[in-house]
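This report looks at selected local features of one protein chain, from a helix and its surroundings to backbone geometry and aromatic rings. Please read it alongside the sequence and the structure shown here.

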Amino acid sequence: MKKDTLIATTGRNPEFTHGSVNTPVYHTSTVTFDTVKDMKRAIAKRHQGVPYYGRRGNPTTFALEQAMCDLEGADGCYLYPSGLAAITGAILSFIKAGDHILIADGVYEPTRGLADKVLLRMGVEVSYFDPLIGAGIADLIRDNTRIVFVESPCSLTMEIIDIPAITKAAHARDVLVMMDNTWGTPLHFKPFDHGVDFSIHAATKYIVGHSDAMLGTVSTRKDYCEQLFNMSYQLGYCAAPDDAYLALRGIRTLKLRLKQHEENALTVARWLKDRPEVAEVRHPAFETCPGHEIFKRDFTGGNGLFSMILKGGSEAAVTAFLENLHHFKMGFSWGGYESLILPYYGIAKNRSATGWRAPGPLIRLHIGLEDPQDLITDLAQGLAAFNDVT
Ligand SMILES: *Cc1c(COP(=O)(O)O)cnc(C)c1O
């Protein structure tokens, strides 16, 4: 089946839809059985799409799990109430006291928070590595290393990681590789083709795609399903059916939206690159982006999220810029249909393996589905306000 057809049909199991095009929203805690045989069947098949108890899922969440497996080429998927819960659930399902985890410098900041504030307390050793390390990761793997955690491109700084090189080195030492694949989406980066063992998404972003739900997913291979499902269930994780429904709806238009986000973002990024206030645009499709060659080799597309580094500018000037924008709102997210912008002054404190030097603050932009010319006009007058203060 070709990709577009799969996107239109996946998860629409007649057993769940009962003839409707979409799987309904099943609000369920309790599932009842008339016979002991039915109850035992539900227990035996609780990981295989048979309703058993609300926390184990319902037909709406099963439909989304199926869709994520189909799109990512995974054997199983578990849903979480947020992207961060998915990261937490994946790591806690496979780590124990005394283990070591290697994390890419430049991961989503709360992932780092999880490691530094929670894992360390539990007696896990944590170390960070340069996202451009590639096969050099082998030198950092210890006898007690259990997980290598990657995110590519990195949050904010956008370095692209050589995932096949990392997975090869990790697997040679029986180390699991978990990837936050939120930027790549299930359509533009195929983690399992590149050796990743766990693909994690903040479905909150492009999968839901309309800024109206929090949701996370972890997909994996057959070997790890049982442990991931049992531990995540044990930790109490489950996702709401309304949110699963919104994610399923989002998937139907994901490819079209990404294409438009990507095109609009390139238009805006090319314009920003030539502005005198901008030192560098960090966009994976630009040759100047660290790891650009890997992006070209491993990704099949981009999206609306990238960063720019200003040549300088006081905090007052950046504030004038941000507050004079009309289409770009400040908001701690991305992946919806709307444009967003955020300033970052403290990148260096989250870079323990590599450090961070830049001539000015980093600004992250999410380019939405508005007309890019309106967005450029908006940025131009915001930069005029910036220059008035500088
Ligand atoms: C937003 C985000 C998350 C966390 O997702 P939530 O649903 O907000 O918890 C994880 N990883 C990346 C890369 C993100 O951008």
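## Burial and the model

A residue is called buried when its relative accessible area is under 20%, and exposed when that area is over 50%. The structure discussed here is a predicted model, and its features are described with that in mind.

## Helix 7 and its cover

Helix 7 spans residues 163–172, and its buried residues are I163, A165, I166, T167, A169 and A170. The elements that cover these buried residues include strand 3 (125–129), strand 4 (145–151) and strand 5 (176–180). As general background, residues three or four places apart in an α-helix point the same way, because such a helix has 3.6 residues a turn.

## Backbone geometry in the loops

The loop between strand 4 and helix 7 contains P153, and the peptide bond that leads from S152 into P153 is cis, with omega near -10°. On the other side of helix 7 follows D174, with a positive phi near 60°; D174 belongs to the loop between helix 7 and strand 5. With a relative accessibility of 65%, which is over the 50% cut-off, D174 counts as exposed.

H18 likewise has a positive phi although it is a residue other than glycine, its value being near 50°. H18 is placed in the loop between helix 2 (14–17) and helix 3 (36–44), and because its relative accessibility is 64%, H18 counts as exposed.

## Aromatic pairs and a cluster

The model holds 13 aromatic pairs. One of them joins Y78 and F229, whose ring centres are 5.9 Å apart and whose planes meet at 40°, so that the pair is classed as tilted. This pair links distant parts of the chain, since Y78 lies in strand 1 (residues 76–80) and F229 in helix 9 (residues 222–234), with their positions 151 residues apart.

Are these two partners buried or exposed? Y78 has a relative accessible area of 9% and is therefore buried; F229 also has a value of 9%, which is under the 20% cut-off, so F229 is buried too. Both residues belong to one aromatic cluster, which is formed by Y78, Y80, F229 and Y237.

## Charges over rings

Two arginine side chains place their charged ends over tyrosine rings. The charged end of R55 sits over the ring of Y233, at 4.6 Å from the ring centre, while that of R112 sits over the ring of Y128, at 3.7 Å from the ring centre.

Note on methods: Residues numbered from 1 in each chain as written. Predicted model: local features only at pLDDT ≥ 70, side-chain atom pairs only at ≥ 80, totals over all residues. Heavy atoms only, no water. Buried < 20%, exposed > 50% of the residue type's maximum accessible area, 1.4 Å probe, protein only. Helix = DSSP H or I, 4+ residues; strand = E, 2+ residues; numbered from the N terminus. Contact = heavy atoms within 4.5 Å. Phe/Tyr/Trp six-rings, centres within 6.5 Å; stacked < 30°, edge-to-face > 60°. Lys NZ or Arg CZ within 6 Å of the ring centre and 35° of its normal.
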